[in-house]
Amino acid sequence: MRNERIGDYLVSQGLITDEQLQRVLAVQKESNGTKKFGDVVVELGIMSEVNFTKALAGKLRVQYVDLDSIDIDTEAVQKVPEALARKHTVIAIAITGKRLTVATNDPVNFIVLEDIKVSTGMDTVPVLATTSAINKAIGKNYSMQNVDNVLDSINSTVGNDLGGPMDDESNDRVESAPIVKLATTIVENAFRADATDIHIEPFKTYTRIRIRVNGDLVELMNISSAVHSALTTRLKLISGMNIAEKRIPQDGRFTQTVDGTTLDVRVSALPTVHGEKIVIRILSTGQIALRKITDLGMSDYNYAMFESMLRVPHGVILVTGPTGSGKTTTLYAALGEIAKPNVNVITVEDPVEKAIDGINQCQVNQKAGMTFAAALRSILRQDPDIVMIGEMRDAETADIGIRAAITGHLVLSTLHTNDAASTVVRLVDMGIPSYMVATSLIGVIAQRLVKVLCPSCKKPRMSTEEENELMGIPSSIQIYEPCGCPECNNTGYRGRTAIHEIVHCTAKVSSIIAANGSKEDIEKAAKANGTRLLRDNASELVQAGETSIDELVRATFSV
């Protein structure tokens, strides 16, 4: 039984079919033994990494551990040197007497366990965890120890010349290893905390570093203001900015690999009273697969409406919402559904956020004169079927986009407005004739992101009368509120999901637009047509126990 091959075991357990097993073996054979069986199963999408690891644990009769949901003992971590942990993909998680519990992705590799035993002088007990979870845990647990060492070495380096001028020495200092390490560590820690942005803010006596997690800014660390100049110079250097220029705002970008994922990092520098404030945007590159629309939190009802809009051969579909509400992600998901081999899809973006296979993507370059409008004009001569415009920023771009739709193209774009109905009014305000908007617009999707309650610690309670009114329900029901536990870093929330409001431009809605109808008239007609407002969508999530009343008010409150 123990000598049974893992593939045969998975088939006997009914986890994969015989046909899938042959596919995996064929791919493994092509790789000439460079890929493990488990890696191929996950790569082909036959099983998730977690499910495969659990099945392997069952076969080997080894305990499976979810590293994200347990407290890792820092004393145990320090027993195994970081180099050894990274080399063999292992992490020590607990100490019991003279025994060290070690999470590994290969519990039958006794050489590794023997190495650790020699290095620590303790008996090792292997438990099984996924490779990605171990890499993440290694990064998280060793890097936080490194931060203090890095800061100490920086302070001792910089402490000597606090009074001296910064500019003359900045080039030399930028090459000093501690600063390089600090810049790398900040990005690594932010990525591991699932942050989207990093703010490096200079004040008179210190520099504060904050990260944005689930839409909220959380303090990561404070560092001495003496380090600030060297840190900004380092970040400007690697992102291709002019390090001598400190009086005007600048933008740049660089890539960094963290735990096997390549990150596309955007950097923005802004001169402030006490030095340059740096904001870093972390984007995962195209290595992370495109998400499907159904994974973005769209309800079945809204998804049916969205899908019917994507079937229309030509016209304009707009996704609207504030900055950071996931508009581009929704557009990419839509492109993933409609980009078939028999259509020509071209995008104009500033900047190109994810590289998608089989789609022609153009990068806007203002300095070279490659503006949205200029790019769009030439794109329409490239015989496209579907055009995606990153953002309708001005009247010229909007006008070309609308005209492209009228001449038989499907145009997808984003716009910054508060709700779906006001998007139409905004287009008319931009100077586009209302009859053109009416004939070209297929529909508008407004969206927001709301935080999802942590399933481990949310607390039930009955809703009040005021809350019932907000949710539009007649009587009190059980709802949940955030509490806070180690799993959610005591925030009460884990992750975010999107809420949507979709206005389908039917004949009735189009006639109101053509007659220069108000936002209220359009909204009334859309509701009669089956549109559910953002608040209705958020209310459904509160009633389902997915999010809290606070989030409903934050995302959808209006006077």
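In this predicted model, I346 stands opposite N360, a residue of strand β12. The strand pair behind this contact is β11, residues 345–349, with β12. The two run parallel and share 4 bridges.

Both belong to an open sheet of 7 strands. Its order is β12-β11-β13-β14-β10-β15-β18, and the pairing is mixed. The edges are β12 (360–363) and β18 (493–504). Each has a single partner strand, so one side of each lacks a neighbour in the sheet. From one strand to the next, the twist averages 20°.

A helix crosses this sheet. Helix α16, residues 420–429, lies across β10 (315–320), β14 (410–415), β15 (441–453) and β18. It runs at about 135° to β15.

A second open sheet has 3 strands, ordered β1-β2-β3, again with mixed pairing. Here β1 (90–96) and β3 (123–128) take the edges. Each pairs with a single strand, so one side of each is left open in the sheet. The twist averages 30° between successive strands.

Within this sheet, β2 (residues 99–104) runs parallel to β3, joined by 6 bridges. A103 stands opposite V127 in β3. Helix α7 (residues 110–120) lies across β1, β2 and β3, at about 140° to β3.

The two helices and their strands are set out below.

| Helix | Residues | Strands crossed | Angle |
|---|---|---|---|
| α16 | 420–429 | β10, β14, β15, β18 | about 135° to β15 |
| α7 | 110–120 | β1, β2, β3 | about 140° to β3 |

Conventions. Residues numbered from 1 in each chain as written. Predicted model: local features only at pLDDT ≥ 70, side-chain atom pairs only at ≥ 80, totals over all residues. Heavy atoms only, no water. Pairing = 2+ DSSP bridges. Axes fitted to C-alpha atoms, helices over the stretch in contact; angles between N-to-C directions. Contact = heavy atoms within 4.5 Å.
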